[in-house]
Amino acid sequence: MEKKKEKCIVHVGRYHRKDDIRIFCKECNSLLNAGYRVCYVTSDVYGDKGQCEVDGIQIGFYENKNFYLSFRRDILQILNQRKKWIDEVVDYILSFNPDVVHIHEYEIIFVARPLLKRNRNLKIVYDIHEDNPRQQGEWYRRNKGERTARIAEKIVECKERRVIKKSAIVFSATDYISALISPYHKNVHTVRNYPKSDDIICSNDDLKERENIYCYSGGITEDRGISLLTKNSDAIKGKFLLAGNMEKTYQDALAKEYTDKWNSNVEYKGYLTREQINGLYSQSVVGMCTLQFQPNYINALPIKMFEYMAAGIPVVCSNFPLWKKIVEDAECGIAVDPYDEKAIVEAVNLLLGDRDLAKRLGDNGQKAIREKYNWEHEAATIVNAYKNI
């Protein structure tokens with residue numbers, strides 16, 4: 001009897017790492033465990049080349065190129081070069097012989113149409129991690145003004161809707177995004193980026209004996225509240241450990257503006273592996289998530305907050321309604337105004353100074369992760385949705 005061919009799913013990103021937590025560690029592995037052949041294609045922006053296989057998943061890298069139009073350059077030539085590059089990316093994706101192409105970024109959605117044109121039996125899945133129109137619009141709002149921002153939001157919405165309508169399934173990271181796109185597609189599923197049960201392997205049994213350390217893990221930018229935390233680090237009775245990607249220009253700016261605090265009160269650890277992140281959480285007493293107001297943040301579910309909970313350390317987070325409700329319902333931290341420097345300092349100092357309170361809130365966070373905020377439930381949503389196509 002002829003063996004049934006495994007269905008092949010190719011996940012496609014552009015600016016995500018090969019070991020991206022949501023794409024590779026969670027979604028790819030969950031679908032592999034469900035019996036699919038799984039591949040992951042992303043660009044070479046982090047210096048990776050060629051192909052490799054990790055944990056049974058084939059990973060490939062295409063050359064990333066950016067094309068900028070200018071009246072001082074040959075526009076037709078630039079457009080022709082861009083089309084040639086898109087064709088090369090599509091060729092590379094198709095070389096993995098996919099049955100389904102699972103697209104993870106707005107910045108790569110332009111491959112959907114040529115893929116379907118080349119293979120009409122192919123299924124497209126669009127996975128929306130962010131509220132892209134508002135995210136793009138906010139950048140233009142800060143740099144180009146309100147009018148340009150509104151135009152940018154409309155353009156992004158139109159581009160996304162075209163891909164959404166061509167997709168067999170649409171996944172989104174939050175209920176908020178699902179509600180925005182449900183009018184344009186009947187097969188929308190919310191898949192929240194909660195931690196896997198084996199991602200954060202930490203014990204908080206020694207929390208009361210730890211040094212006064214509070215931490216932040218994730219993308220490091222101005223709007224994540226990092227400048228404000230650095231500014232006030234001398235008022236907080238502990239050491240601030242930072243981990244994640246940070247542009248050199250921003251790092252230099254922080255070191256220059258806060259010379260007396262950078263590398264004394266604040267220590268930047270760089271980008272850490274999963275094992276190193278567990279080490280960071282295992283020495284910390286408080287996890288920081290005081291992101292400043294952005295339309296794209298207030299309805300998001302920041303993975304760092306749930307990782308702190310899984311590690312058994314209390315959270316100090318922005319008092320956005322959704323985040324505040326999660327933290328207060330679980331009784332696992334303190335929600336504060338992300339612009340109120342005094343409130344932030346007092347919250348961190350309270351938890352560093354009252355270790356009984358910190359331990360109780362940390363225990364509550366772990367309990368909430370075990371019972372509600374875990375990846376295993378979300379993985380079932382993905383697998384069941386795939387079974388229906």
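A residue is taken as buried when its relative accessible area is under 20%. In this predicted model, C39 therefore counts as buried, its relative accessibility being 0%, and C215 is likewise buried, with a relative accessible area of 0%.

A search of the whole structure returned 0 disulfides. For C39, the nearest cysteine sulfur belongs to C8 and lies 4.1 Å away; because a disulfide requires two cysteine sulfur atoms within 2.5 Å, C39 is in no disulfide. C215 is also in no disulfide, the nearest cysteine sulfur being that of C202, at 9.7 Å.

Attention then turned to S178, which is placed in helix α6, a helix spanning residues 175-181. S178 has a relative accessible area of 8% and is therefore buried. Its side chain makes a polar contact with the side chain of S172, at 2.5 Å. When neighbours within four places in sequence are set aside, the residues in contact with S178 are S172, V188, H189 and T190.

An open sheet is formed by 6 strands, whose order is β11-β10-β9-β12-β13-β14 and whose pairing is parallel. The edges are occupied by β11 (266-268) and β14 (333-336), each of which has a single partner strand, so that one side of each is left without a neighbour in the sheet. On average, and with direction ignored, neighbouring strands of this sheet are turned by 20 degrees against each other. At the β11 edge, strand β10 (residues 239-243) runs parallel to β11 and is joined to it by 3 bridges, with F240 standing opposite V266 in β11.

Notes
Residues are numbered from 1 along each chain as its sequence is written. This is a predicted model: local features need pLDDT of at least 70, side-chain atom pairs count only at pLDDT 80 or more; totals for chains, interfaces and linings use all residues. Side-chain values use heavy atoms; hydrogens and water are left out. Buried means under 20% relative accessible area, exposed over 50%, partly exposed in between (1.4 Å probe, protein chains only). Helices (H or I, at least four residues) and strands (E, at least two) are DSSP runs, numbered from the N terminus. A polar contact is a pair of N or O atoms within 3.5 Å; within protein, one must be able to donate a hydrogen and the other to accept it, and residues adjacent in sequence count only if both atoms are side-chain atoms. Contact means heavy atoms within 4.5 Å. Two strands pair if DSSP finds at least two bridges between them. Axes are lines fitted to C-alpha atoms, for helices over the stretch in contact, and angles run from 0 to 180 degrees between N-to-C directions.
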